[in-house]
Each structure stands twice: as C-alpha cells, then as structure tokens.
Amino acid sequence: MHNQEPAARSQSDEELIVAFQQGHTEAFNILVGRYKNQLMNYLFRYLGDYDQADDAVQETFIRVYRKKDLYKPIARFSTWLYTIATNIAKTQFHKRKRYVSFSSKNRREDSGQDERRDIPDHTSSADSMADSTLKQEIIQKALDSISPKYREVVVLCDIQELTYEEICDITGLNIGTVKSRLNRGRTRLQELLKDIHHE
Amino acid sequence: MNDEIKNREHADNQVSKLLKNLPTVKTSADFEARLQRRITQENHPEKIGFFDKVFQAKFVPVFSYSIVAMIAVGVVSYYVFLRTGVQSPLSLPANESPVSTEEKAVATPPGESADSRLRESKRLTKEENQPAGNDETQRDKQISPEGKSAMKQAEKKADAVDDKDAGELNAVQSIQSEAGAAGALQDQIQTQTTTKLQERSLAQPSAIGTQQMIQSSQIPNVEPMYRKSTSLLDSVRQDSLQKAQKQLQLLQQKVKSKKPF
C-alpha cells in the first residue's frame, strides 16, 4: 500500500482522472490534494470572500466526482477543473449581493489552527507586517472594484500564472480578447493602486 | 510614442508584480473531511419520512389558511342550513286521506240499504194500490181502457220517480255515511296526533312543551291548529247533514203527493 502511494502520486493529472473513472477513488483524493489550494486562491481573489470561495471549491470537486465520466483526455485536466470552478464562481457572483468582505485575519475559526495566509514578508517587525496586510487589503479591494470579466483574466494570468492558451481554453475567449481584457484590467488596477506604487 | 509604450509596460509589470506578491490563500485543515462527508451524503441520501415531507415549515401557512377556511365554511353552513330548517311538530298535513269503502261500510248502519228501503216502499205502495183479491177484479172491470193506460203511465212514472228517489236516497245515505266517516276520521286524526305526540315526548323527555302539546291536543279547545281542523270538519258534517235532511223531507213529500190512492 505504501509502495503504491508514491507511484500514484507521481502520476499525471490525466492518468489519475482516468484511474478515478475506472473506480479508483484514491486517485480522486490525490487530485483534491493537488489542486485545492490553487483553486482556493483563485476563487478567493475572484469572489473576494473566504467562505464563498470555500463553498465554491467544495462544489467544484463534488462536480468533478459526479461528472468524472464527462472528462475526455483531449484537454488538460487542470483546464477542465478551472473551467468548472470559473462557472461556479460566476454563478455565485451573480446570486449574491455585491459587497466587499475582506478580513485581515482571514482564517477558519473551526479549524482549531490559526491559519493565516502566507505572507512573503522578510521583515519581522510588526509595522511591516501591518503594512503588508494593509497593502493586501487595498489590492484585494482594487481587484473587487474592477469588472469581473477583467478580474477573471487578470487573476488567471498574473496570480495563477497560466498561459494565454490555457486562459483561452478556460474562458472560451480568443487570444485577442484575452489580451485586450488583460490590458484593460491592468490599466484600471494601475489607476487604483497608484498610491501604493509611489510608496 | 515609445516612451508611452514603455511607461505602460512598466506600469503593467508593477501591477502584475503586486498581484504575484499577494500571499496564497489556502483551504482549512478539515476541508477534505468536509468534502468527503458531502460526497457520502450524496451517495447515501437520508430517507425522509412521509410526515416529514408533508409537515414542513414551508407548508405551515398553507395548512393554517386551509384550516381557517374549513372552520369558516362549517360555521356558515351551520347557520344557513341547520338553524333555518326546523319545523313545528304539530303541523298537520292539509289533505287528509280519502275515506275508504270499508269506512263507508262501517259508517252506514248495518241492515239498512237503499235497495231494501226501495223494496219496502214499493211493497207498501203496491199493498196500498192493490186491494185484496176480488176488489181488484171488480175495480178493473169498472175502469175504462183509457183510464187503464193512464194508470199504467202513472205507474211507470211512479216507478221512475221511485228509481229517482232510490238514487236520491242513495245520495243521502252516502252523504250521511260520509258525514259519519268524517266524524270517525276526526276521531282517528285525534288519536293519531296524540300517539305521535306521546312518541315524541318519549324521545325527548326533557321537552316540557311536548307534554303541554299532548295535553292540549286531548282538549280540542286549547290547540288552535287542531281546533281549526276539527271546526272545519264539524261544519262540513253539519252542512252535509242538513242537506240530507232537506232532501229526505222533499222525497217524503213527493212520495206522499204521488200516491194515487
């Protein structure tokens, strides 16, 4: 059993989903472990709310579990996964009332752990930490204020670091539209974040 | 131109740098456990009982409105149909049952009939008209043939009158019998009402009014409804009796007047 796990973990996403389609539920668990944080980060940046993002990630994996047979090995598994997550996020975004809810703590109370977001801050002073937290709040607020269609592309490109081709597969847009929206989104963010730039 | 493009690229790079430097948001520690629980619930859904399906919170307004509507319908139907449908127990039917032939036979005195009376009257008239034995032959010899034909005609007329009288006597007797039957019927009605009231009093012993009604029905002068019916019957009976008496008198006069000898 232990010997099999490293072998399973070395398999590609496509191999794992095929194994899952054949009835190996352990493959599904491995896939969940690989993509849960990525999806959480993407959906949090897109929706602006932790609980909503958590619910959306759960819903994404449940849909993968239910509709596993719909995946065809033609496209990448990550593209298929991000497409499902994006659709769920758009549905949630349209349902709820738009509000900005960004907590500086940003942790799960029931987890029992004081989990915080990873802050790549090299200084240890309290002022710098508070400053970085404040920056993050401002950036998230700026992201929430731009149009969802620009935000989607900006987050996928600049935060998730996906290629233009992958963004085209996920959003269903052509590459020209993706670049155009990316440009406009960055321009808008630049205007909103000009005070941070000067610091 | 190149400066603008460069500036723009520089700005874009700064924005993307800021975004890339944002910390990665991670899931909670129990994320996978919760996910597994949801998947298990989907695979094995909880069976909801029939009553849990029916008596849900969202159906409470519907049930309450339906109960209120049913109560309103019950109250309205009670006041409309039940309270206005009560009738007086002493309301007697207007049309009485016709007197049967048996009652007529009972009403007429036994032994007497119109035919027997007619026979007697004929016998008497014949006895009066027919003297004893020899006298008849002598009389026949004395009477002329014209007189004989006249006598025969007179006899025929007398027979016709007798038949008429018999019919009238029959009518008189029928009227008398009807009057007697009316009286008997009146007694019958009285007994029937008293029995009915007694039955009702047994069914409703607490009703004092029924007891009073029984007592009043036995005394015809007390109950106005019953009094009206008895007075009507009495008046009819009296009228019929008077008519019969008058007709009898007329018939007797006729009979007396038409005696040739």
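In this predicted model, A:Asp55, A:Glu59, A:Arg66 and B:Arg38 are linked in a network of salt bridges. One of the links in it is the salt bridge between A:Asp55 and B:Arg38, in which the closest N and O atoms are 3.6 Å apart. Because A:Asp55 lies in helix 4 of chain A and B:Arg38 in helix 2 of chain B, this pair joins two chains. Neither end is described as buried: A:Asp55 is partly exposed, with a relative accessible area of 36%, and B:Arg38, at 27% relative accessibility, also counts as partly exposed.

A second bridge across the two chains can be followed from B:Arg34, a residue that lies in helix 2 of chain B. The side chains of B:Arg34 and A:Asp54 meet in a salt bridge with an N to O distance of 3.0 Å, and the two side chains are likewise joined by a polar contact of 3.0 Å. Within its own chain, B:Arg34 is also held by a polar contact of 2.9 Å between its side chain and that of B:Ser28. Is B:Arg34 buried or exposed? Its relative accessible area is 15%, and since buried means under 20%, B:Arg34 counts as buried.

These bridges belong to a broader interface, in which 28 residues of chain B are in contact with 44 residues of chain A. The area buried between chain B and chain A is about 3400 Å², and carbon and sulfur atoms give 59% of that area. On the side of chain B, the residues that lose the most area to chain A are B:Leu19, B:Pro23 and B:Val25, which together make up 19% of what that side buries. As for the polar part, the count between chain B and chain A is 4 salt bridges, while 9 residue pairs are in polar contact, both residues being at pLDDT 80 or more. Helix 1 (2-20) and helix 2 (31-43) of chain B each supply at least two residues of the side of chain B that touches chain A.

Chain B taken by itself has 10 helices and 0 strands. Of its 261 residues, 19% count as buried. Among the contacts in chain B with a separation of 6 or more, 72% are accounted for by residues 24 or more positions apart.

Over all chains, the structure holds 11 salt bridges, and some of them lie inside chain A. A:Asp13 forms one with A:Arg34, the closest N and O atoms being 2.6 Å apart. A:Asp13 lies in helix 2 (residues 13-21) of chain A and A:Arg34 in helix 3 of chain A, so the pair ties together parts that are 21 residues apart in sequence. The surroundings of the two ends can be stated separately: A:Asp13 is buried, with a relative accessible area of 13%, whereas A:Arg34 is partly exposed, with a relative accessible area of 28%. Another such bridge is formed by A:Arg186 and A:Asp158, whose closest N and O atoms are 2.6 Å apart. This pair links distant parts of the chain, with A:Arg186 in helix 9 and A:Asp158 in helix 7 of chain A, 28 residues apart, and both A:Arg186 and A:Asp158 are buried.

Helices 7 and 9 of chain A appear again in the packing of helix 8. In helix 8 (residues 164-171) of chain A, the residues A:Glu166, A:Ile167, A:Cys168, A:Ile170 and A:Thr171 are buried. The buried residues of this helix pack against helix 5 (77-95), helix 7 (148-159) and helix 9 (175-192) of chain A. Helix 8 is followed by A:Gly172, whose phi is positive, near 80°.

Aromatic rings offer a further view of the structure, which holds 12 aromatic pairs over all chains. In one of them, the rings of A:Phe28 and A:Tyr65 have their centres 5.3 Å apart and their planes at 75°, so the pair is edge-to-face. A:Phe28 lies in helix 3 (residues 25-47) and A:Tyr65 in helix 4 (residues 50-66) of chain A, so the pair ties together parts that are 37 residues apart in sequence. A:Phe28 itself counts as buried, at 3% relative accessibility. Elsewhere, ring pairs link A:Tyr35, A:Tyr71, A:Phe77 and A:Trp80 into a cluster. Charged side chains also meet rings: the charged end of A:Lys68 sits over the ring of A:Phe20, 5.3 Å from its centre, and A:Arg151 lies over the face of A:Tyr46, at 5.4 Å from the ring centre.

How values were computed. Residues are numbered from 1 along each chain as its sequence is written. Chains are lettered from A and ligands numbered from 1 in the order in which they are written. This is a predicted model: local features need pLDDT of at least 70, side-chain atom pairs count only at pLDDT 80 or more; totals for chains, interfaces and linings use all residues. Side-chain values use heavy atoms; hydrogens and water are left out. Rings of Phe, Tyr and Trp (its six-membered ring) pair if their centres lie within 6.5 Å; planes under 30 degrees apart count as stacked, over 60 as edge-to-face and the rest as tilted. Helices (H or I, at least four residues) and strands (E, at least two) are DSSP runs, numbered from the N terminus. Buried means under 20% relative accessible area, exposed over 50%, partly exposed in between (1.4 Å probe, protein chains only). A charge sits over a ring if NZ of Lys or CZ of Arg is within 6 Å of the ring centre and within 35 degrees of the ring normal. Contact means heavy atoms within 4.5 Å. Buried area is the accessible area (1.4 Å probe) that two parts lose on being put together, summed over both. A polar contact is a pair of N or O atoms within 3.5 Å; within protein, one must be able to donate a hydrogen and the other to accept it, and residues adjacent in sequence count only if both atoms are side-chain atoms.
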